[in-house]
Amino acid sequence: SFGKLTRLTEQLALPGPPAWTETTVVESIDTFTVAGNRVYYAERPNTGPLVIKSRAATGLANVQTHATLSAAGSPYVSDIAVDTGAVYWREVRNSTGPIWRQPFNGGTPAAITTNLPEVANSPLFIVSDGRALYWRASQNEIRTLPVNAGAVTYDLAAGAIEVVQAVQGPA
């Protein structure tokens with residue numbers, strides 16, 4: 001967890017936007033990214049579900065909640081990416097999890113990949129160029145998926161399945 005965000009640009013005399021006037025942004029952050037003039041982050045409140053939010057990069061105004069995650073299975077968000085159409089994140093439970101998409105024009109979040117395993121206990125480094133998502137799938141593999149890919153759907157959902165085979169003899 002990154003904890004509380006504080007901008008230090010003025011204190012370090014670095015060029016850039018003015019330092020944030022608020023030092024307590026959220027209770028706890030799993031991960032964050034910056035896109036355009038907004039900071040996008042996965043907020044882990046002390047109570048309640050994990051949420052994907054954004055706020056203005058300067059002044060910390062205009063907080064928007066993009067998605068609220070189910071608290072089942074103690075999720076955490078390992079990666080977050082943004083393009084002009086949506087915010088994407090990897091929601092992990094028990095060391096695996098899919099990449100989710102929440103379009104800015106509304107609707108409900110949808111998983112757009114199957115469960116992806118962790119790579120050496122590190123982030124996947126998800127990035128979007130507006131046409132495709134890219135992520136690290138292993139120490140030597142980068143995968144890609146169109147940003148408009150359909151949500152993962154399952155024809156059959158079950159806790160278990162039994163297959164019975166029979167050998168038919170000649171009639």
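In which strand does Arg 143 lie? The close-up views below, all drawn from a predicted model, take up this residue, the sheet around it and the largest pocket.

**View 1. Arg 143 in strand E13.** Arg 143 lies in strand E13, which spans residues 141-146. With a relative accessibility of 39%, Arg 143 falls between the limits of 20% for buried and 50% for exposed, and is therefore classed as partly exposed. The side chain of Arg 143 makes a polar contact of 2.9 Å with the side chain of Glu 141.

**View 2. Contacts of Arg 143 beyond its sequence neighbours.** When neighbours within four places in sequence are set aside, Arg 143 is in contact with Leu 133, Tyr 134, Trp 135 and Ala 137. Strand E12 covers residues 132-138. Ala 132 is separated from Arg 143 by 11 residues in sequence, and the C-alpha to C-alpha distance between the two is 9.9 Å.

**View 3. The hairpin of E12 and E13.** Strands E12 and E13 form a hairpin, with 2 residues between them. The two strands pair in the antiparallel sense, over 6 bridges. In one of the bridges, Arg 136 is partnered by Ile 142 in E13. Strands of a sheet pair through backbone hydrogen bonds, in either a parallel or an antiparallel sense.

**View 4. The open sheet E11-E12-E13.** An open sheet is formed by 3 strands in the order E11-E12-E13, with antiparallel pairing. Strands E11 and E13 stand at the edges and have a single partner strand each, so one side of each is left without a neighbour in the sheet. E11 and E12 run antiparallel and are joined by 2 bridges. Ser 128 stands opposite Leu 133 in E12; Leu 133 is also among the residues in contact with Arg 143.

**View 5. The largest pocket and its lining.** The largest pocket has a volume of about 180 Å³. Its lining consists of 15 residues, and those nearest the centre of the pocket are Phe 32, Thr 33, Ile 80, Ala 81 and Ile 126. By class, the lining comprises 10 nonpolar, 4 polar and 1 charged residues.

**View 6. Strands that supply the pocket lining.** At least two lining residues of the largest pocket come from each of strand E1 (29-35), strand E5 (76-82) and strand E11 (127-128). Strand E11 thus appears in two of the settings shown here: E11 contributes to the lining of the largest pocket, and E11 is an edge strand of the open sheet.

Conventions:
Residues are numbered from 1 along each chain as its sequence is written. This is a predicted model: local features need pLDDT of at least 70, side-chain atom pairs count only at pLDDT 80 or more; totals for chains, interfaces and linings use all residues. Side-chain values use heavy atoms; hydrogens and water are left out. On a 1 Å grid over the protein atoms alone, a cavity is a set of points where a 1.4 Å probe fits but cannot get out, and a pocket is an open set with protein on both sides within 12 Å along at least five of seven lines; lining residues have an atom within 4 Å of a point. Grid points are joined across faces, edges and corners, and a volume is the space filled by probe spheres set on the points. Helices (H or I, at least four residues) and strands (E, at least two) are DSSP runs, numbered from the N terminus. Ala, Val, Leu, Ile, Met, Phe, Trp, Tyr, Cys and Pro count as nonpolar, Asp, Glu, Lys and Arg as charged, and the others, Gly among them, as polar. Two strands pair if DSSP finds at least two bridges between them. Buried means under 20% relative accessible area, exposed over 50%, partly exposed in between (1.4 Å probe, protein chains only). Contact means heavy atoms within 4.5 Å. A polar contact is a pair of N or O atoms within 3.5 Å; within protein, one must be able to donate a hydrogen and the other to accept it, and residues adjacent in sequence count only if both atoms are side-chain atoms.
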